[in-house]
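Biologist: Could you walk me through this one? I keep tripping over the labels.

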Amino acid sequence: MPSRVQRLAERLQPPGPFRRSFWRSPIRGPWLTAVFGSVLLVGVIAMFLTGLLSYAAYNPDLPENDLTSDKGLLGFYLFPWPTDPVWLYRFTQGLHVLMGLALIPVLLAKLWSVIPKLFDWPPALSPAQALERLSLLLLVGGAVFQFVTGVANIQLWYVFPGDFYSLHFYGAWVFMAAFVVHVVLRLGRMVSALRSRSLRQELRTDTAATQPEPPDPDDLVSPAPAAATISRRGVIGLVGAGSLTLVLLSFGQSIGGPLRRLALLAPRGQVIGDGPNDFQVNKTAAEAGVTAAQAGSGWRLELGGGPAPQLLSRDDLLAMPQHTARLPIACVEGWSTPNQAWTGVRLRDLAGLSGVPEPATVLVESLQEGGAFSVTSLRRNQILDPDALLALRVNGAELSLDHGFPARVIVPANPGVHNTKWVKQMTFKA
Amino acid sequence: MHRLLRWYGADPLHLIALIACFALAGYAGLKLLSGDLIGILVWFVGAAVIHDLVLFPLYAVADRSTQAVVRRRSVTTPRVPWVNYVRVPAMLSGLLLLVWFPLIFRLVGPYRATTGLSQEPYLGRWLAVTAFFFLVSAFAFALRLRRERSASH
């Protein structure tokens, strides 16, 4: 029996999208929504986990590393980021960005499939519905916010209101709060919807044979469906083709080599050349405000933390035992380079020279004045790894100024921005 | 208690799950909003609004217009339905534009200074990829037409 509120709401129902007959797609329905929902269920969890890994990779518990120092309980899971395998960050972050791109068409399709619910009338019949719709604002706003900030950041389009790390990190937690409750409340519905039709059967049904799903309790199925112009298999194929297109035109920037040319629209899809220093530059010396004069013959490396600070010239460093390690550069933006042959002094040798042979951390300072990551910390396992270097040369040549001349840090599996370029000072702490 | 739940409109688990959601979202949200409060709120709510009330209506109207054209022209054009041969390449091209428009339209101020690379190639590349999609689609449509004609003879 409809209540007085319900009857009043019906009388006041606005026209257009607030009427169910406005929505005429014959393929909109719980089964199709559940197909996209199940892909997102797996995809979002994988995105969240790789995102958390990336946060841990920055070792935010060390001085200067944390751009989200207010994290509180949200950093509960942090652990010392390993240095082995050397491609670890390359893999996890390449995956994070590529999966994110692949999920964009799926998210758009999922939102398309439920858009009539946005115009439900009356907006809520009970406090339960009102609260759930509020959580959906966090869900949809959060999802779009995460994708937009991520996609803008990988293009260096810094239009968002604040620091990317803090927006994307806290935004992820707000979104995940709404995501978990959405899964808890809707998982049963998703499973029963998936079971209501056979995927194999749908993949054999063409447009001419496409019929609307039976009426459903959530009112997704149109009460006045138009004739089908595309089958369910067609829409699923279109979404899949969209994901595939985005991935095919991007993954080359995470693999490098000749495949980089395939990344036609990705921000790091351009091949620079084939010289020893011709691999992607995260930030040029000019942009970092580092000049050739600063990096010239007057440059000295200051080693601190021991009994007395020491100053080393580049020749002093070249006179120390040199070690070569093949390591990639991998950026939070998802692009990376294949292994480059870096040659220089082991960080653990520098720790010994400074008088702190058993360091817990080292604070690395760049010639770059200010700016994010001009000062960062490395942890003990990163200092003591035999392949962790203060590199002086790369691929048999001197480092170019853009790649950190006169000396740069390179540590296996380290996020790119923690491989500090133009190193000025290293302070080891026991 | 029973009356309270009837007033609420769902079982207690529903309420508990939502309270947990808002508690965690509030905890993270306060930290999120500790920066540029208005800017971030506008972005967060604006993200949902832009999708629901701008992007969705735009592509829905574009799709309906295409279908209207198909219906109006159907007297003179072949009886093979061709709307999807426009839809698919247009949607793929539009998707690439949606994701990469800052580079395609050269909106990224610091791109060259930061990377040492130029934004110039992206517009041409996107147009070339778009042309490729439509060419493949036209070719597929031509094949389909031939098949239908030979079947009807």
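Modeller: Sure, let's start with A:Asn395, which sits in the loop between β7 (389-394) and β8 of chain A. Helices (H or I, at least four residues) and strands (E, at least two) are DSSP runs, numbered from the N terminus. By the way, this is a predicted model, where local features need pLDDT of at least 70, side-chain atom pairs count only at pLDDT 80 or more, and totals for chains, interfaces and linings use all residues. Residues are numbered from 1 along each chain as its sequence is written, while chains are lettered from A and ligands numbered from 1 in the order in which they are written.

Biologist: Why is A:Asn395 called partly exposed?

Modeller: A residue is buried if 20 or more other C-beta atoms lie within 10 Å of its own, exposed if 12 or fewer, and partly exposed in between, with C-beta atoms placed from the backbone. A:Asn395 has 17 other C-beta atoms within 10 Å, so it counts as partly exposed.

Biologist: What is the phi of A:Asn395?

Modeller: A:Asn395 has a positive phi of about 50°, although it is not a glycine.

Biologist: And why is A:Asp219 called partly exposed?

Modeller: With 14 other C-beta atoms within 10 Å, A:Asp219 falls in between the cut-offs, so partly exposed fits. A:Asp219 has a positive phi of about 60°, though it is not a glycine, and lies in the loop between α6 (199-202) and α7 (232-248) of chain A.

Biologist: Which kind of peptide bond runs from A:Phe405 to A:Pro406?

Modeller: That bond is cis, with omega near 10°.
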